[in-house]
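Here are a few exercises to work through with the structure open beside you. Try each task before you read its solution.

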Amino acid sequence: MIIDILLLIAGLALILGGANYLTSGASSVAKKWGVSELVIGLTIVAFGTSAPELVISLMSAARHSAGLAIGNVVGSNIFNILVIVGAVALVRPIKVQPGILTNEIPLVVLSSLVVLICGNAHILDGAPADVLTRSYGLLLLLFFAIFMRYTFSIAREGGEPLPDSGTTVAALPGWKSALMILGGLGALVGGGEIFVRGATGVARALDVSEAVIGVTIVAAGTSLPELATSIVAAMKNSPGLAVGNVVGSCLFNVFFVLGLSAVVSPLPMSGITNLDLLTLTGASVLFYVFGRLIKTRTFTRAEGAVMLACYVAYTIALIAKAS
């Protein structure tokens, strides 16, 4: 058990460090090629912030640990919405752009409904088991392509400004960029392998499913950097950055991470229950309602407290169900 926990910590450290080095190196190369910082932010930086979820889910799919692969995505999105937005709103109320509430947050609700439908095929069409097949995975990747096309069209047409990443891209020597890219990739692959092995061991030791570990420990661990970044942004009077990060991360996780993982290996959803899927869908709807209807375009401290309370209630329900 202790060794498995150490593997979890070591794997997560390698993944986070690898994602940071890979993002920095690739951003520097892109800048040298004349790519704008906006495009770098929409692609490389967005990939880098979701790289932990991507690596863990891909490694889990390759090792046929479907519960961990799906639980990681579902749990990360629940954590992103309820904990990150909730915590940031407690620090400082969040005023968001109209376009995000009209266009992007409804896509988050849509992505949650897609996962809910995929997890209830046995009810909807009498399927013998709920499986995220390669066909579903390809459809999710097509959704992701549409979202990216929409995002780039906004950037190119000069529409409503997209959330700033809050970072500038440093120009590095070519050899250093290459070393950071190669080292980052190596750390991601090695860290993912170690992390999945540790998570699997912890699940066996605690006698709980890999899905439960995925939606709790793994999801929280991979989302902690975004939580810290968002709280710092709120303290620096840029709380709206948190909403943009959460929206992008949620859509990336479902459409790209889950889609690509299902293409690698079909994912049985037996470990993920409707408690998880309905919580994800409910959190997405709450995200929209609080932002649009109660106090227009603002997440208040009271709403942030409610979101955090919902996450606590969900965690208690998971523990009670597992015991």
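The exercises below cover packing, a helix pair, two alanines and the cysteines.

Keep in mind that this is a predicted model, where local features need pLDDT of at least 70, side-chain atom pairs count only at pLDDT 80 or more, and totals for chains, interfaces and linings use all residues. Residues are numbered from 1 along each chain as its sequence is written, and side-chain values use heavy atoms, with hydrogens and water left out.

**Exercise 1.** Find which residues of the largest nonpolar core touch the most other members.

*Solution.* Start with the term: a nonpolar core is a set of buried Ala, Val, Leu, Ile, Met, Phe, Trp, Tyr and Cys residues joined through side-chain atoms within 4.5 Å. Buried means under 20% relative accessible area, exposed means over 50%, and partly exposed is in between (1.4 Å probe, protein chains only). The largest core has 63 residues, and the ones touching the most other members are Ile-81, Leu-267, Phe-287 and Phe-299. Next, look at who supplies it: helices giving at least two residues each include H2 (37-62), H3 (66-91) and H10 (274-294). Helices here are DSSP runs (H or I, at least four residues), numbered from the N terminus. H3 gives the largest share, 15 residues. Finally, there's a second, separate core of 18 residues, with Leu-8 and Ala-51 among them.

**Exercise 2.** Work out how helices H1 and H7 are arranged.

*Solution.* H1 spans residues 2-32 and H7 spans residues 174-206; they pack at about 155 degrees, with axes 6 Å apart. Axes are lines fitted to C-alpha atoms, for helices over the stretch in contact, and angles run from 0 to 180 degrees between N-to-C directions. Angles over 145 degrees count as roughly antiparallel, so H1 is roughly antiparallel to H7.

**Exercise 3.** Compare the settings of Ala-283 and Ala-145.

*Solution.* Take Ala-283 first: its place is in helix H10, and it is buried at 3% relative accessible area. Beyond neighbours within four places in sequence, Ala-283 is in contact (heavy atoms within 4.5 Å) with Ile-81 and Leu-82. Leu-82 is 201 residues away along the chain, yet the two C-alpha atoms are separated by 6.6 Å. Now Ala-145: it lies in helix H6 and is partly exposed at 42%.

**Exercise 4.** How many disulfides are there?

*Solution.* A disulfide is a pair of cysteine sulfur atoms within 2.5 Å. By that rule, the count is zero. As for the cysteines themselves, Cys-250 is buried at 0%, while Cys-310 is partly exposed at 32%.

Conventions
Angles under 35 degrees count as roughly parallel, over 145 as roughly antiparallel, 65 to 115 as roughly perpendicular and the rest as oblique.
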